[in-house]
Amino acid sequence: MKINVVEKYTSVVIELKGDITGGTKNEEFSDTLRKLILEGKKNLIIDLKETGYVNSSGLGMLISGYTTVKNAGGDLKLANATEKITSLLVITKLITVFENYPSVDEAVKSYS
Amino acid sequence: MEDEKRSVQIIIEENKRLKSAIAELSILNEIATAISSTLSLEQIIKLIVQKCVKHLHVEQGAVMLIDSADETNPFHTFIRKQDTGIIEANAFHLDTQLSGWMILHKSPLLVNDFNNDDRIKFIEKRANLKSILAVPLMLKSKLIGVVALFNKRDEREFTNEDQRLLSIIAGQSSQVIENARLALREQTLIKVQEEMRLANKIQTDLLPKEIPQFKGYQLAGRSIPAKEVGGDYFDFMKIDDDSVAFCVADISGKGLPAALLMANLQATLRGQTFLNVSCTNCISFTNNLLYTNTDSSKYATLFYGILNTKENIIKYCNAGHNPPFLFNDNSKTQKLEIGGVVVGMMPNSKFQEGMIAINENDVLILYSDGVTEAMNAAAEEFGEEKMLDIVRTNLKSTAEEIVQKILDEVKEHSRKVEQSDDITIMVIKRIE
């Protein structure tokens, strides 16, 4: 998994490329979020466009990221979830927790 | 006359050389015999230091080994054998500094004037340290450690012969030390494997050994971990003569961490079944407990149901688990989806209770994603459809037979592929 951070208007887009399988990448991800929060950036979007496989540990990473951001008074929304990821969110009912948008633009718009 | 004198002189010299060669050989032989008779790393190093202190007439000796696995403190002084208390204070500093020098130079160091030798300026001065002889322990041109001797006895100095002898000893010892280290590592590994085997036994024992029997119903379940232990869990817990609680859970992650949480989850659930609380209360309580006990990246998908065999009703709560399917006699299926989000993720999540009637010849199948996501060699998943087809064509079979049939097909599908996720299947069938 590669993490790429791009600012877009009032939001910050975090692109996750490749498979999300937790492990050591977990820390890099939460460090990225913590840094953004410290900088006062709280409108966060995870772009899943180039994300491959997400396993249970990877989903755990997203959940823990969501909790971190929420506890700091921010929000973490998803964009471009693939069919497979959407079905995982539906089964785990996390779809009721994460706001999920078909594109980054729409997710950005939701913050304004 | 002169010639004769010279000859005698030569013979005396030769004799001396031979004597010292024999002495050297007997020292080497003694060390070789001693260290080859033991396999313990500590014993071997102790022997090397003891023999060096004795035969090279020094006050103290030490062996430092490089432990490449420990990055913060790669050098370990294994043994400091000392006859006097000369270099007790800050021995660790001295060893580290000496080892540092050896990493850079990888060559013998002979110092007879400790306080005035420029090569070791960086080592702090010590009143009681006069001379040092240190040689590297090399294995296949890699530095694995250092043998160091301190203070030649009787105010004498280290000689080139001393250095030569110590170098030979170091050369002989390197392979023996390495072998002992490998043996030690192997023992540790065997111990870990043994512990994992025990963990597997403990976890297997946690799963229901005897599935409770109810008139008119067949209950069956099986769980196969991908590694020695896993994060899948299923259970049947008798509440009273008519009711049984059942559950299937999949804890995030794999292996030992998931297995520990599985045991925790099971204890929580079994404790509540005993109190006969409703499905939603049970899941709410479990959610809060799991949330408190773990960080938010750890969670579980959990299906919890209570079957009343007299009223033929199942009440359930599905916390983010793959929905079980209820097959009617005419092969129609219903999904058991009502519930809420995965447990352990956030406190005070709201859960709803579902209810469904189970008629004669109905089959309920519960499973973990290890079944549907089992891959074959071409990275194709087993799939939900295939699993449902198997149930559909085997509705007349017993619950146990259906479980076995699915397991067989999954096994066949992932032939030649290592099982990557825990596999759990549970079947409840009403027969009359």
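## A tour from strand E8 of chain B outward

Nine bridges join E8(B) to E9(B), and the two strands run antiparallel; select this pair to begin, bearing in mind that the model is predicted. Within the pair, display Cys247(B) and look across to E9(B), where Tyr304(B) is its bridge partner.

Keep Tyr304(B) selected and turn to the other pairing of its strand, since E9(B) is also joined to strand E10 (residues 313-319) of chain B, by seven bridges and again in an antiparallel arrangement. In E10(B), the residue that bridges to Tyr304(B) is Cys317(B). Following the chain between these two strands brings you to a hairpin with four residues between E9(B) and E10(B), in which Asn312(B) takes a positive phi near 55 degrees.

Now colour strand E9 (residues 300-308) of chain B by burial: eight of its nine residues are buried, so the strand is largely enclosed by the rest of the structure.

Return to Cys247(B) and show its surroundings. Leaving aside residues up to four places away in sequence, Cys247(B) touches Phe234(B), Asp235(B), Leu269(B), Leu302(B), Phe303(B) and Tyr304(B). Which residues touch the most other members of the largest nonpolar core? They are Cys247(B) and Val427(B), in a core of 95 residues. Select residues 243-251 next, because this strand, E8 of chain B, supplies seven residues, the largest share of that core. A second core, separate from this one, has 37 residues, and among them are Ile45(B), Leu94(B), Leu137(B) and Leu166(B). In soluble globular proteins, nonpolar side chains tend to be buried together.

Zoom out to the whole of chain B and colour it by domain, with domain 1 covering 2-185 and domain 2 covering 201-430. Between the C-alpha centres of domain 1 of chain B and domain 2 of chain B there are 64 Å.

Finally, hide chain B and centre on chain A, whose secondary structure consists of four helices and six strands. Tracing chain A from the N terminus, you meet these elements in the order β-β-α-β-β-α-β-α-β-α. Its C-alpha atoms fill a box of roughly 30 × 30 × 25 Å along the principal axes. The radius of gyration of chain A is 13 Å, which agrees with the value near 13 Å for a compact globule of 112 residues. Of the 112 residues in chain A, 42% are buried. If you display the contacts of chain A between residues at least 6 apart in sequence, 74% of them join residues at least 24 apart.

Methods:
Residues numbered from 1 in each chain as written. Chains lettered and ligands numbered in written order. Predicted model: local features only at pLDDT ≥ 70, side-chain atom pairs only at ≥ 80, totals over all residues. Core = buried A, V, L, I, M, F, W, Y, C linked by C-beta atoms within 7 Å. Buried ≥ 20, exposed ≤ 12 C-beta atoms within 10 Å, placed from the backbone. Contact = placed C-beta atoms within 7 Å. Pairing = 2+ DSSP bridges. Domains from an automatic or database assignment. Rg over C-alpha atoms; globule rule 2.2 N^0.38 Å.
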